[in-house]
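Open the model in your viewer and keep the selection box at hand. We will go from stop to stop, each with something to select and something to look for.

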Amino acid sequence: MFTNPFSSWLSARSGRKTRRKVLVKQLHERDRHRVLRHFLALDNSDRLLRFGTNLPDELVEAYVAKIDFSHDTVYGVYNPVFKLVAVGHLAFAPTQASTHALSSTTKDIVAEFGVSVSASARGLGIGSKLFERAAIRCRNLDVDTLYMHCLSSNQTMMHIAKKAGMEIQRDYGEADAYLRLLPPDPASMLREAIDEQFATIDYTLKANTRAAVKFFVPKK
C-alpha cells in the first residue's frame, strides 16, 4: 500500500512517541567535513567493521579526501540536532575492473555499498534505509548488481543483506553479498525523487535551526 510521504514526514517532525521516520539525504562536497567527523568518531571496533581493518586517523582522512561526490553517491542521516549519525557510500566501478563483479551481469558498471551508523543512532533501522536508497539509486542508473563486502562477524551488515534477500558467500571470516536489481521504472524514479525531496526539506530545517541556535545562544 502506498504511504503518503508528506504525512510520514510530518509525523517525523512532530512530537509523537513513535519511531522517528528515517530520512536519507544525498550528501555533497559541502558535507565532506561532516563525513570525516563521523568516521573519526567511530571507535576501533566500529572502524574494523566498516573498513575491514582498524584504520588509523590519517588513513580515514585519506579515504574521505578521495571520495568523489560527482562520481559515487554518498548518503547520510542527520539527527534532530543536525549531527551526521550515519553514512552510506555507494561506489561505482567498471565491471571488468571489479574483482567483485558477478560473471552473469551484462552491465558495464557494478556498485559496491558500505555503511556505518553511530552508536547513538543504532536500532532505528537506519542501515536498512540507507541500503534501500542505494538500491533504488542503482536501479535508476540501470545498474543490476549491488555488492557488499564485510567481515562475517558484522551482524548489522549480515542482517541488512539477509533482509534484502542478497546472495551471501562466506570465506575465511569474510562475506560477500550480492543483490540482483530490477530495471528502472516510473515508480522507482518517483520514489527516489520523493525521498530526496523530503530529506532535503528536513535537512534544510535542521540546518537553519542549528544556525539559529548558534546565533542566538551565546557560548559559555
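## First stop: Asp31 and its partner

Select Asp31 to begin: with 0% relative accessibility, Asp31 counts as buried. Now add Arg34 to the selection. Arg34 and Asp31 form a salt bridge, and their closest N and O atoms are 3.5 Å apart. Please keep in mind during the whole tour that this is a predicted model.

## The whole chain

Zoom out and colour by secondary structure. You should find 7 helices and 7 strands in the chain. Walking from the N terminus, the elements come in the order α-β-α-α-α-β-β-β-α-β-α-β-β-α. If you colour by accessibility instead, 44% of the 220 residues are buried.

## From β1 to α7

Next, select Lys25 and Glu196. What joins the side chains of Lys25 and Glu196? They meet in a salt bridge, at 3.2 Å from N to O. Lys25 belongs to strand β1 (residues 25–27) and Glu196 to helix α7 (residues 186–216), so this pair links distant parts of the chain, 171 residues apart.

Are these two charged residues buried or exposed? Lys25 has a relative accessible area of 5%, which makes this residue buried. Glu196 is buried as well, with a relative accessible area of 15%; the cut-off for buried is under 20%.

## The cavity beside Lys25

Keep Lys25 on screen and switch on a cavity display. How many cavities of 30 Å³ or more does the structure hold? The count is 1, and the largest cavity has a volume of about 50 Å³.

To see its walls, select Leu23, Lys25, Tyr78, Ala199, Asp202, Tyr203 and Lys206, which line the largest cavity. Which element gives the most to this lining? Helix α7 does, with 4 residues. Colour the lining by residue class and you will get 4 nonpolar residues, no polar ones and 3 charged ones.

## A salt-bridge network, and the total

Now select Lys129, Glu132, Arg191 and Asp195 together and show their side chains. These four residues are linked in a network of salt bridges. Over the structure, the count comes to 14 salt bridges.

## The loop between α5 and β5

Move to Asp144 and add Arg180. These two residues form a salt bridge, with their closest N and O atoms 3.0 Å apart. Asp144 sits in the loop between α5 (126–140) and β5 (145–151), while Arg180 is in strand β7 (residues 174–180), so the salt bridge ties together parts that are 36 residues apart in sequence.

The two ends of this pair are worth colouring by accessibility. Asp144 is buried, at 9% relative accessibility, whereas Arg180 is partly exposed, at 43%.

While you are here, select Asp142, which is also found in the loop between α5 and β5. Asp142 is not a glycine, yet its phi is positive, near 60 degrees. At 37% relative accessibility, Asp142 counts as partly exposed.

## The β6 and β7 hairpin

Follow Arg180 back along its strand and select β6 and β7. In which sense do these strands pair? Strand β6 (residues 167–171) and β7 are antiparallel, with 5 bridges between them. For one of the partnerships, click Asp171 in β6: its bridge partner in β7 is Glu174.

The two strands form a hairpin with 2 residues between them. Select Tyr172 in the turn and check its backbone: phi is positive, at about 55 degrees.

## Phe82

Another residue to inspect in the same way is Phe82. You will find Phe82 in the loop between β2 (73–78) and β3 (84–94). Although Phe82 is not a glycine, its phi is positive, at about 65 degrees. At 11% relative accessibility, Phe82 counts as buried.

## Last stop: the cysteines

Finish by selecting Cys138 and Cys150. Are they buried or exposed? Cys138 is buried, with a relative accessible area of 0%, and Cys150 also counts as buried, at 6% relative accessibility.

How many disulfides does a search of the whole structure find? The result is 0. As a reminder, a disulfide is a covalent bond between the sulfur atoms of two cysteines.

Methods:
Residues are numbered from 1 along each chain as its sequence is written. This is a predicted model: local features need pLDDT of at least 70, side-chain atom pairs count only at pLDDT 80 or more; totals for chains, interfaces and linings use all residues. Side-chain values use heavy atoms; hydrogens and water are left out. A disulfide is a pair of cysteine sulfur atoms within 2.5 Å. Buried means under 20% relative accessible area, exposed over 50%, partly exposed in between (1.4 Å probe, protein chains only). Two strands pair if DSSP finds at least two bridges between them. On a 1 Å grid over the protein atoms alone, a cavity is a set of points where a 1.4 Å probe fits but cannot get out, and a pocket is an open set with protein on both sides within 12 Å along at least five of seven lines; lining residues have an atom within 4 Å of a point. Grid points are joined across faces, edges and corners, and a volume is the space filled by probe spheres set on the points. Ala, Val, Leu, Ile, Met, Phe, Trp, Tyr, Cys and Pro count as nonpolar, Asp, Glu, Lys and Arg as charged, and the others, Gly among them, as polar.
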